[in-house]
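Reader: I am new to this structure and would like a close look at one part of it, the empty space and what lies around it. Please take the pockets, the cavities and the packed regions in turn.

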Amino acid sequence: MLRVTINGTEHEFEPGISVLQALRQVGIEVPTLCHDDRIKPIGGCRLCVVELEERGRMVASCTTPLEAGMRVVTHSEAVEASRRTNLQLLAQSVPPRQEGTPVTQFDRYLEQYGLVASGSLRDRFKDTNHPYLRVDMDRCVECFRCVRICDELQGQFVWRVWNRGDQTEIRPDRGTALLDSSCVSCGACADTCPSGAISDRLIRDLGQPVSWTRTTCPYCGTGCEMEVGSRDGQVIVARPVTDSPVAKGHLCVKGRYAHRFAHATDRITEPMIRENGEWREVTWDEAYEFTSTRMKQILEESGPQAVGVLGSARATNEENYVAQKFARVVLGSNNVDCCARVCHAPSAAALKATLGTGAATNSFNDIEVAKGFLVCGANPTENHPIVGARIKQAVMKGAKLIVIDPRRIELARYADVYLQVRAGTNIPLLHAMAHVIIEEGLIDREFVESRTADFERFRELVAEWTPEFASTVCGVDADDIRAAARLYATTRPAMIFHGLGMTEHTQGTEGVRCLVNLALLTGNLGKPGSGENPLRGQNNVQGSAHMGCEPSNLAGYTPISQIGDEVEAIWGAPVPRQQGLTWMQMLDAAGRGELRALWAIGYDVYFSNANANVTEKALKTVELLIVQDLFLTETAREFATVFFPACSAYEKDGTFMNSERRVQRVRQAIPVMGNSKPDWQIVDELAAVMGKGEFFAFESPEAIWDEVRKVWKAGAGISYARIEEAGLQWPCKSEDDPGTTILHQNSFPIGDRAAFSLMEYRPTLERVSEEFPLLLTTGRALEHFNAGTMSRRTGNVVLMPTDYLTLSHEDARRLEVSDGDQVQLVSRYGRARLPVRLSDKMRPGELFATFHDPNVFTNRVTSNERDTVVGAPEYKVTAVRIEV
């Protein structure tokens, strides 16, 4: 411990901190303008100076390491005079704050020291065209926090220092408007700016928030904690939680700004029933009675296999739990699923089959520990931006990076090896990497011998997959395959991250198992900075399936055959044993006229399913289709019988589960909009109307969660009280269990050894032809989120107005199309019209399209093929042509 005297009082501190950190630990505040805990201190503003009596001089407390024996004085006359002088110099160069604009940190310091900003307008860079950020560099105090946080936290390098001396100015990288720059609109610059030179436009337009609520972001599966600022019952802005273990004080454009959907003018807040093709607003009682009567009639006539329930990846764990319980207890059916079916069900199945747990093996905090990364079929900087930024920062600090993707994503610019694999050929490429690792003796022999099985059989399987042979299939140069294999095998520990580019294939499950093979070969499991980690798409897609929205598993992703009897005892109600249908099987059953009723909770199935024409035909046969959502989704608009208006994540309590198995609190930040209700309450109330209310007598989300903990033994230790300040990662079996950050450290749930997967490659049936010569893959963009239900009702439509089709310059010349041209994208299944974006990210013959805009409806084009194990659609491979 370091013994230090501060203002005459002796204190003790752990070594390795700065003087400023020590002052804050004992509750002494000193002014800072250039300091932000998220970036490196520079001591430029000189406001945090303190006097060191033993040295007889003043030092910047932010850059001075704390040493034993220091005698620190924080507010002597000399120190205060120095601060006032420095502030006065700044005040003379900055014009006064405009009336009606937010009071900034700089303004408060001026008031504290009796100063007034008196500078004249300097005609510096201004920008008022961005939907979220307002820039007025006349207010700049040249602390360079915007430059540094963009570089050191986001890694985007947008803000640049132009010119020198009194001509010094901060502008975006292209010197013009932010919308023309490489800005990703994360808002970190506005969050850190102390003077209002860069500010949040929403605060200026809607007013300063009067209350802040800590909650979890409702967008991707990263699970960033944030504080939601509200005023007059409206969400104004969100800011990052600086001590969040996930976000590390950062948010992306969606988490920080894309929240105004909660107040959209087309928000539905009253229950509705469709009669004679027209919607009619009704009371909740009438909506419940209508639904109950129709549902009971169908059950009586056709039995429980004729009904289905779809949970929601946007709903809380508690809400998904009661949804699947409703299916089983009220309807007597295991026909319950969620959107995990169409995205990461292959990940869960592969990881459970090979390692015993269908979830990520490691934590996001391992990013800073890892020496290398293999990012396969994922685009983290767009789809999981905070994870992407953390990976990017780690690589810029020396970690190695391999990127495997048909598209040259942003991380490919930072990669030591980039493999531009042909869509649909992941398995040959991964087998070839395994071949090199084995043949060149790069395996972790001790790990392979002590913790794996079937190594020799696996060696025989991949023996034929030389890099040269694989190259003819996957389109990657053999030398690059070797380089990637060597780098992954020799850079330890190394983390694997994969996304939907691995799973949404006919061999998606088997492809993920091939990634696990690489981790087993190199011993990259059960250790910090290693593992095989799926980047889950939606905010609670991990939790929705884990809570039992899955036809074969109950809460904890545990098979009904294993815990059915135990759950029956807890519920006091029977658990059906008849095999349930997955969502895709329900769709097939509907197409045959066998599924008569469907309840879709927070899931726009028509718009988001692959091959929308098949979905359309099937949904037309469903007699009772209940849509529970915030808006009249495409599914509701075209097919629904009943509409239940639900609350947004800002209007309710509960928990989400992120990609790293972390359960975190969701807290109500604003009042419920209109007559809408939280999803869990709707489920409970309908259950009561259908005569099963005693099994759903929950008074709060916490009460539901406490029942979850009884059913799910691996989560029994995760109480609301324990996650009040920070989330916990399962397994967490008791109240004194700290949770599990790394799985499989000494053994696997399936035993001491994990077997190598012997996966034979089978090419997809979806192939190019003379009629359809181009290969299309689809995916998300940074600015939007899946069906666009939320993000397209925010200012993000300014950043990305519609979907786009990315193609190479070579294909554009051949087809005689230019950037921005509208084209028809045609496949065997349908067509969509959308604008072209020319890019060097794609190789000739391959295209990429986003799928967020219902006016485009990209999924009218996508393939009907499915993963052969779990039935996930093959969104990533569709043969198409372009018509000009």
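Author: What follows goes through the pockets, a helix, the cavities and the nonpolar cores.

The model is predicted. The largest pocket holds about 1200 Å³ of space. It is lined by 46 residues, and the closest to its centre are Arg108, Ala190, Asp191, Thr192 and Cys193. Two or more lining residues come from each of helix 3, strand 7 (133-136), helix 5, strand 10, helix 6 (201-206), strand 11 (211-216) and strand 13 (234-240). Strand 13 gives the largest share, four residues. By class, this lining has 19 charged, 15 nonpolar and twelve polar residues.

The second largest pocket has a volume of about 1000 Å³. Its lining is made of 32 residues, with Ser181, Ser182, Glu783, Arg837 and Lys841 the closest to its centre. Helix 11 (380-383) and strand 36 (831-838) are the elements that give two or more residues to this lining. The lining of the second largest pocket divides into twelve nonpolar, eleven charged and nine polar residues.

Some of the elements around the largest pocket also belong to the surroundings of helix 4. Helix 3 (105-112), helix 5 (188-192) and strand 10 (198-200) are among what covers the buried residues of helix 4, and these three elements also give two or more residues each to the lining of the largest pocket. The cover of helix 4 further includes strand 8 (159-162), strand 9 (169-172) and helix 12 (385-396). Helix 4 spans residues 145-154, and because eight of its ten residues are buried, it is largely enclosed by the rest of the structure. The buried ones are Arg145, Cys146, Val147, Arg148, Ile149, Cys150, Leu153 and Gln154. Just after helix 4, Gly155 takes a positive phi of about 75°.

Next come the cavities. Rolling a probe the size of a water molecule over the atoms shows where empty space is left. A search of the whole structure finds nine cavities of 30 Å³ or more. The largest cavity contains about 720 Å³ of space. Of the 46 residues that line the largest cavity, Leu500, Glu504, Arg780, Phe851 and Lys876 lie nearest its centre. At least two lining residues are supplied by helix 18 (500-503), and at least two by strand 33 (774-778). The lining of the largest cavity has 20 polar, 18 nonpolar and eight charged residues.

The second largest cavity has about 140 Å³ of space. It is lined by 17 residues, and Arg314, Leu630, Cys647, Lys652 and Asp679 are the closest to its centre. Eight residues of this lining are nonpolar, five polar and four charged.

That leaves the packed regions. In soluble globular proteins, nonpolar side chains tend to be buried together. Here the largest nonpolar core has 96 residues, and Phe326, Trp583, Trp599 and Phe644 have the most contacts inside it. Helix 9 (residues 317-330) provides the largest share of this core, seven residues. Leaving aside residues up to four places away in sequence, Phe644 touches Trp284, Ala287, Tyr288, Thr291, Trp599, Ile626, Val627, Gln628, Asp629, Ile682 and Leu686. A second core, separate from this one, has 54 residues, including Ile427, Val448, Met502 and Leu525.

Note on methods
Residues numbered from 1 in each chain as written. Predicted model: local features only at pLDDT ≥ 70, side-chain atom pairs only at ≥ 80, totals over all residues. Heavy atoms only, no water. Buried < 20%, exposed > 50% of the residue type's maximum accessible area, 1.4 Å probe, protein only. Contact = heavy atoms within 4.5 Å. 1 Å grid on protein atoms, 1.4 Å probe; cavity = no way out; pocket = protein on both sides within 12 Å on 5 of 7 lines; lining within 4 Å. Points joined across faces, edges and corners; volume = space filled by probe spheres on them. Nonpolar A, V, L, I, M, F, W, Y, C, P; charged D, E, K, R; others polar. Core = buried A, V, L, I, M, F, W, Y, C linked by side-chain atoms within 4.5 Å.
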